[in-house]
Amino acid sequence: MQQNIIYEDRTMGQSLVARFMYATYLWMGIGLFVTGVVAMLVASSPRLLSLFYANRMLLFAVMIAELGLVFYLVSHLMKMEYGKARNLFLLYAALNGISMAGLFVVYTGSTIASAFFVTAGTFGTMCIYGYITKTDLSKLGNILFMGLIGIVIASVVNMFMASSGLSKAISYIGVLLFCALTAYDTQYLKRLALSTQDEASLLKLSLYGALKLYLDFINMFLFILRIMSMGSRD
């Protein structure tokens, strides 16, 4: 009897985790779709391109709004109503689409598509690894955080140095860093779901997870796009 209860509890927990991960990837995919659609709409409209990219202050305001929205979501998401959290996540994805519209001007459509599919394959592989591995990836947390800070600092420095060698090194390290972060975040979200049995909380957490994985995907994509564009110029 006791074994049956334990089995049922374990099965229920696995079912909740499966639903949580499904909702997380669903919302991440919706966020990427919104970003892509907005980016293409802005890039295909000379008026919108001129509005955002001829007016640097407006584009800068969009980027500041993105950063503010990310910090607000991360710190307040669990205190919000689900509908509000969902709408703010979609708003962030749309704002990110505006700031990424310039990619369609700088890079060819084929390069962007190739980078997207390479990113999708790499991202998916790292998600599977993070989900099924028995290795405790939480030990990498501090190392990955320091690596992220290092990438940001190096990128800022290279804005003044304009070194192609440093830019290439940052791009390759960036891909490796976000591969590791994708696996790390996937395992973290799985453990989070296993420790949370309240479905209402898991619904909100799925948006939190979607935001984390969305950011991993976008950053990995940008670094891969940069590497592929370097290869086409060589």
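**Exercise 1. The pair α7 and α8**

The crossing of α7 and α8 is left-handed. In this predicted model, determine how α7 and α8 are oriented to each other and which residues make the contact.

*Solution.*
Step 1. Two packed helices are described by the angle between their axes and the distance between the axes. For helix α7 (residues 141-161) and α8, the axes come within 10 Å and cross at roughly 155°.

Step 2. An angle over 145 degrees counts as roughly antiparallel. Helices α7 and α8 are therefore roughly antiparallel to each other.

Step 3. On the side of α7, the contact is made by G141, L144, G147, L148, I151, A154, S155, N158 and M161. On the side of α8, the residues are L166, S167, I170, I173, G174, L177, F178, A180, L181 and Y184.

Step 4. Sorted by class, this contact of α7 with α8 has 13 nonpolar, six polar and no charged residues.

**Exercise 2. One residue of that contact**

Describe the surroundings of L166: is this residue buried, partly exposed or exposed, and which residues does L166 touch?

*Solution.*
Step 1. L166 belongs to helix α8.

Step 2. The relative accessible area of L166 is 26%, which means that the residue is partly exposed.

Step 3. When residues up to four places away in sequence are not counted, L166 touches A154, N158 and M161.

Step 4. L166 and S155 are eleven residues apart in sequence, and their C-alpha atoms are 8.7 Å apart in space.

**Exercise 3. The pair α6 and α8**

State how helix α6 is oriented to helix α8, and give the class of the residues in their contact.

*Solution.*
Step 1. The axes of helix α6 (residues 109-132) and helix α8 (residues 164-194) come within 7 Å and cross at roughly 40°.

Step 2. That angle makes α6 oblique to α8. The crossing in which α6 passes α8 is right-handed.

Step 3. From α6, the contact involves T122, F123, M126, C127, Y129, G130 and Y131. From α8, the residues are C179, T182, A183, T186, Q187 and K190.

Step 4. By class, the contact of α6 with α8 has seven nonpolar, five polar and one charged residues.

Step 5. A183 may be examined further. At 3% relative accessibility, A183 counts as buried. Leaving aside neighbours within four places in sequence, A183 is in contact with M126, Y129, G130 and L137.

**Exercise 4. Checking the length of two helices**

Compare the expected span of α6 with the distance between its end C-alpha atoms, then do likewise for α4.

*Solution.*
Step 1. Helix α6 has 24 residues, and at 1.5 Å a residue these should span 34 Å. The end C-alpha atoms of α6 are 35 Å apart, which agrees.

Step 2. Helix α4 (residues 82-100) has 19 residues, which should span 27 Å. The end C-alpha atoms of α4 are 27 Å apart, in agreement.

Step 3. The buried residues can now be located on each helix. In α6, T111, I112, A115, T119, F123, M126, C127 and G130 are buried. In α4, the buried residues include A85, L88, F89, Y92 and L95.

Step 4. An α-helix has 3.6 residues a turn, so residues three or four places apart point the same way.

**Exercise 5. The pair α2 and α3**

Determine how α2 is oriented to α3 and which residues make their contact.

*Solution.*
Step 1. The axes of helix α2 (residues 46-53) and helix α3 (residues 56-76) come within 5 Å, with a crossing angle of roughly 80°.

Step 2. That makes α2 roughly perpendicular to α3.

Step 3. L51, F52 and Y53 of α2 meet R56, L58, L59 and V62 of α3 in this contact. These residues divide into six nonpolar, no polar and one charged.

**Exercise 6. Contacts between distant parts of the chain**

For T24 and for L103, state whether each is buried or exposed, and name the contacts of each beyond its neighbours in sequence.

*Solution.*
Step 1. T24 is placed in helix α1 (residues 2-43). At 0% relative accessibility, T24 counts as buried.

Step 2. Beyond four places in sequence, T24 is in contact with L189, S206, G209, A210 and L213. T24 and Y208 are 184 residues apart in sequence, yet 8.0 Å apart in space, C-alpha to C-alpha.

Step 3. L103 lies in helix α5 (residues 103-106). L103 is buried, with a relative accessible area of 18%.

Step 4. Leaving aside neighbours within four places in sequence, L103 is in contact with I112, F221, L222 and L225. L103 and L225 are 122 residues apart along the chain, and their C-alpha atoms are separated by 9.5 Å.

Methods
Residues numbered from 1 in each chain as written. Predicted model: local features only at pLDDT ≥ 70, side-chain atom pairs only at ≥ 80, totals over all residues. Heavy atoms only, no water. Axes fitted to C-alpha atoms, helices over the stretch in contact; angles between N-to-C directions. Helix = DSSP H or I, 4+ residues; strand = E, 2+ residues; numbered from the N terminus. Parallel < 35°, antiparallel > 145°, perpendicular 65-115°, else oblique. Left-handed = near helix turned anticlockwise from the far one by under 90°. Contact = heavy atoms within 4.5 Å. Nonpolar A, V, L, I, M, F, W, Y, C, P; charged D, E, K, R; others polar. Expected span 1.5 Å × (residues − 1). Buried < 20%, exposed > 50% of the residue type's maximum accessible area, 1.4 Å probe, protein only.
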